[in-house]
Amino acid sequence: MGFPFVGETLALLKPHSSNSMGTFLQERVSRYGKVFKSHLFGSPAIVSCDHDLNMFILQNEERLFEASYPKAMHDILGQFSLLVISGDLHRKLRNFVVTFTTVSKSSPRFLNFAENLAISMLDSWKGCKEIDFLKEIRKLTLSLMVKSVLSIEPEEPRALRILDDFRTYMKGFVSLPLNFPGSSYSKAVKARTRLASTMKGIINEREKEKVGLITGDFLDVILSKREILTDGQIVSVALDILLGGYETTSTLIALIVYFLGHVPKAFQTLKEEHEAVRKSKQVGEPLDLEDYKKMEFTKNVIYESMRCGNVVKFLHRKATQDVHYKEYFIPSGWKVIPVLSSPHLDPSLHESPLKFNPWRWKNQETRKKVMPFGGGPRLCPGAELAKVEIAFFLHHLVLNYRWKIREDEFPVAYPYVEFRRGLLLEVEAAQEEFRK
């Protein structure tokens, strides 16, 4: 069970390649099997690296299990974050996010803005030999979200401040809760306070104008429900959308670029699919949802990158009563850690699991063996919107550029995913025939 209080938490959080389980889990699974007990985040815990048990845990949310993030994380997330709330409040706030993502996915305005941002970013690469890709893609995804959620233009000083605060916020998100000046945790709490203050300032500006739906962005929509939501709830749900649409989406795009850079056959197949889409369009004609529906291999690349790269490594749950599952007994009150990355890399579920192979997704059975977007009532509400956004970006990327990745570059799980060198790319412009 490890050391007093911290238990084996430090071993679990030890950085490792994100397309691996990490030494801690590999050793425990080898010794004890896919389900074992430990002491993590200040609590006795059951750790599950078993896909069936993980499904059971997530599907029994609010019946046998509940979200149980460490108290210290609440100070960073806020008391109304979708990650920590449950019950009727969770359903109410989640519905706002689902509505936003559903409307955005079918909105030509949103899709055109996303596509134009991608084109603008790629145009800025002209003449460049090396690109700090992770930095670039984070700017793009945050620009898209602050525009869609808050109607803030990407070049505004407020957008740059939000970007800086979000980076600080993420670094402390999974850090040890050591609250002393200068610690990652302390900086993250302060960054969250600044983000909330920025949001409240924007809300106050909107309410002073008192003219209803001014811009039609998410903040306007949620302010129209002012009578049933508090300031804190509005701030939290807006920050949740910004976080999900910015951090996880940019990380996934970076993983896709990384894996494609190592598998030329996948890159070429993807490029051919997008050449076919482009040939069906007029010069300069924007992409639409009908084009997205044709991008089957693109979707397989997205799914395979999530399986191999593991944007979300594990979740925090707690048993609300004694639970019997097959031969396992989970005591009431114990923490439960469903590790999503382990089944993704399980050789009993996937042939050559460490190999990036988008073609494996032609088999529908593969979809039943992965949980990249979570599951149950907490299934990621922005998954479909993110896939469209990523597909549109990849369309212009593969038609405009080829790239090489340094040999010593790889994604690292902290457990949030970073790249050792920020994913520096050596880029080369493609032939003119299919550009734009």
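Which residue of β11 does S17 stand opposite? Select S17 and look across: its partner position in β11 is V412.

Before we go further, a word on the model. The structure is predicted, with local features requiring pLDDT of at least 70, side-chain atom pairs counted only at pLDDT 80 or more, and totals for chains, interfaces and linings using all residues. Residues are numbered from 1 along each chain as its sequence is written, and side-chain values use heavy atoms, with hydrogens and water left out. Helices (H or I, at least four residues) and strands (E, at least two) are DSSP runs, numbered from the N terminus.

**Stop 1: the three-stranded sheet**

Stay with β11 (residues 411-413), which runs antiparallel to β1 and is joined to β1 by two bridges. Two strands are taken to pair if DSSP finds at least two bridges between them. Now add β12 to the selection: the open sheet has the order β1-β11-β12, with antiparallel pairing. β1 (16-17) and β12 (417-419) stand at the edges with a single partner strand each, so one side of each has no neighbour in the sheet.

Next, show helix α11: this helix lies across β11 and β12, and runs at about 50 degrees to β12.

**Stop 2: α11 and α5**

Keep α11 (residues 231-262) on screen and bring in α5 (residues 87-105); the two pack at an angle of about 50 degrees, their axes 11 Å apart. Axes here are lines fitted to C-alpha atoms, for helices over the stretch in contact, and angles run from 0 to 180 degrees between N-to-C directions. That angle makes α5 oblique to α11, on a scale where under 35 degrees is roughly parallel, over 145 roughly antiparallel, 65 to 115 roughly perpendicular and the rest oblique. The crossing of α5 past α11 is right-handed (the near helix is turned clockwise from the far one by less than a right angle; anticlockwise would be left-handed).

For the side chains, select L89, K92, L93, V97 and F100 on α5 with Q233, V237 and I241 on α11, which make the contact (heavy atoms within 4.5 Å). The residues of this contact divide into six nonpolar, one polar and one charged. In this scheme Ala, Val, Leu, Ile, Met, Phe, Trp, Tyr, Cys and Pro are nonpolar, Asp, Glu, Lys and Arg charged, and the others, Gly among them, polar.

**Stop 3: α14 and α16**

Move on to α14 (residues 296-309) and α16 (residues 383-400), whose axes come within 10 Å and cross at roughly 115 degrees. The two helices are therefore roughly perpendicular to each other. Here too the label is right-handed, for α14 passing α16. Pick T298, I302 and Y303 of α14, then K387, I390, A391 and L394 of α16, to display the contact. Its residues divide into five nonpolar, one polar and one charged.

**Stop 4: β13 and its partners**

Now select β13 (residues 424-429). β10 (residues 401-405) runs antiparallel to β13, joined by five bridges, and K404 stands opposite E426. β5 (residues 130-132) is also antiparallel to β13, with three bridges; there, D132 stands opposite L424.

**Stop 5: two single residues**

Is D291, in helix α13 (residues 289-293), buried or exposed? D291 is buried, at 3% relative accessible area (buried means under 20%, exposed over 50%, partly exposed in between, with a 1.4 Å probe and protein chains only). Beyond neighbours within four places in sequence, D291 is in contact with V277, S280, K281 and P286.

Finish at S186 in α9 (residues 184-209), which counts as buried at 6% relative accessibility. Put a C-alpha to C-alpha distance on S186 and T168: they are 9.8 Å apart in space and 18 residues apart in sequence.
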